Amino acid sequence: MRRVRLFCAGLFFFMFLTACGNVMAYAAFTGASDTGVVRQQEQPAAPIKYISGEKAAVKAALKALKNYDYTTKFYSDKSYYSIFRLMLKQHPEYNYDTVVWKDKNGYYGYYYSSELTDQELDAKWRAADKKAEAIVKKKLKKGMTDQQKLRKLHDYLMKTCSYDYKLTEIDGYEDGLTAYGVLVKKKGVCQGYTAAFSLLAQKAGVYSIAVCGSVSSGSHTWNYVKLGGKYLHIDCTWDKTLQKGKAIRHDYFAIPGDLIIQNHVWDPGKYTSTHVKYCKYIMG
């Protein structure tokens with residue numbers, strides 16, 4: 001049996017999503033389920049970092065993701081393994097077939113599957129990061145507000161990237177699930193759009209996380225951002241799939257929770273303003 005990979009939520013296979021009539025939003029491994037994959041195995045010898053609190057666990061999890069650190073082991077009296085899983089869900093921009101592992105001794109951390117070689121993985125990370133920096137440099141102007149920045153980046157994705165309707169069955173790594181797929185290959189599904197938008201937002205200095213939830217037909221993912229003193233939702237996937245011709249839609253751009261909740265469902269306790277503020281650990 002092939003290993004189950006954790007992409008954002010982790011255990012959603014062969015799911016087709018349709019919403020708003022014939023609008024399709026495919027959520028690859030991004031469902032609202034919080035079921036984890038516990039790896040009951042010994043990991044290779046590696047440095048061990050002791051975690052003494054929840055904030056320390058969040059910081060360690062995010063720093064490891066950003067630095068692509070798959071070697072450091074973590075340990076705490078109370079296991080914060082679940083925080084590592086949540087941070088992976090909230091930051092698919094750093095997810096390239098990444099798995100959160102935990103062994104029988106209580107150590108845990110990240111590793112990536114063998115589908116990508118180290119060279120392939122490094123090349124995709126670098127290409128996505130370089131592309132995001134180039135887009136932000138070219139599209140954003142001095143003096144823009146954060147909302148103007150995000151709207152410009154949103155519109156860039158609407159103009160240049162297409163939704164991959166052919167990516168309907170996923171069992172492992174797919175470019176369309178990543179920021180690389182959307183920014184470099186210009187095609188992807190909801191996790192890819194969410195990852196790309198978060199990466200662009202961070203390059204623009206705006207806090208953004210992914211929300212893993214569901215719509216009427218199944219799992220889905222979108223962005224939750226900080227704009228001034230407000231925390232708003234942005235669903236690039238739905239704006240893209242609602243688009244007809246060249247006219248850009250903003251139906252799901254920077255809308256409050258009490259509006260998007262009409263057709264989006266998520267666990268509000270796991271995607272909060274505090275979680276958005278934790279972006280400081282990957283943007284510092």
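Is Asp 175 buried or exposed? In this predicted model, Asp 175 is buried, with a relative accessible area of 15%, because buried means under 20%.

**Salt bridges around Asp 175**

Asp 175 lies in the loop between β7 (162–163) and α5 (179–183), and its partner Lys 124, which sits 51 residues away in helix α3 (residues 118–139), brings distant parts of the chain into one pair. Lys 124 also counts as buried, at 13% relative accessibility. A second partner of Asp 175 is Lys 185, found in the loop between α5 and β8 (187–188) and 10 residues apart from Asp 175. Lys 124, Asp 175 and Lys 185 are thus linked in a network of salt bridges. The count for the structure comes to seven salt bridges, and the table lists some of them, including one between Arg 249 and Asp 251.

| Salt bridge | N to O distance |
|---|---|
| Lys 124 and Asp 175 | 3.0 Å |
| Lys 185 and Asp 175 | 3.1 Å |
| Arg 249 and Asp 251 | 2.9 Å |

In the pair of Arg 249 and Asp 251, Arg 249 is partly exposed at 30% relative accessibility, and Asp 251 is partly exposed as well, with a relative accessible area of 34%.

**The sheet of β9, β10 and β11**

Three strands, in the order β9-β10-β11, make up an open sheet with antiparallel pairing. Because β9 (208–215) and β11 (230–234) stand at the edges and each has a single partner strand, one side of each is left without a neighbour in the sheet. On average, neighbouring strands here are turned by 35° against each other, direction ignored. Strand β10 (residues 218–227) is joined to β11 by five bridges, and Val 225 has Leu 232 in β11 as its bridge partner. Two helices pack on this sheet: α4 (residues 146–160) touches β10 and β11, with its direction at about 145° to that of β10, while α6 (residues 190–203) touches β9, β10 and β11, with its direction at about 10° to that of β10.

His 220 lies in strand β10 and is buried, with a relative accessible area of 0%. The side chain of His 220 makes a polar contact of 2.8 Å with that of Asp 235.

**The hairpin of β5 and β6**

Strand β5 (residues 98–102) pairs with β6 in the antiparallel sense over five bridges, and Val 100 has Tyr 110 in β6 as its bridge partner. Five residues stand between the strands of this hairpin, where Gly 106 takes a positive phi near 95°. Five of the five residues of β6 (residues 108–112) are buried, so this strand is largely enclosed by the rest of the structure. Tyr 108, Tyr 110 and Tyr 112 point one way from β6, whereas Gly 109 and Tyr 111 point the other way.

How values were computed: Residues are numbered from 1 along each chain as its sequence is written. This is a predicted model: local features need pLDDT of at least 70, side-chain atom pairs count only at pLDDT 80 or more; totals for chains, interfaces and linings use all residues. Side-chain values use heavy atoms; hydrogens and water are left out. Two strands pair if DSSP finds at least two bridges between them. Helices (H or I, at least four residues) and strands (E, at least two) are DSSP runs, numbered from the N terminus. Axes are lines fitted to C-alpha atoms, for helices over the stretch in contact, and angles run from 0 to 180 degrees between N-to-C directions. Contact means heavy atoms within 4.5 Å. Buried means under 20% relative accessible area, exposed over 50%, partly exposed in between (1.4 Å probe, protein chains only). A polar contact is a pair of N or O atoms within 3.5 Å; within protein, one must be able to donate a hydrogen and the other to accept it, and residues adjacent in sequence count only if both atoms are side-chain atoms. A salt bridge is a side-chain nitrogen of Lys or Arg within 4 Å of a carboxyl oxygen of Asp or Glu.
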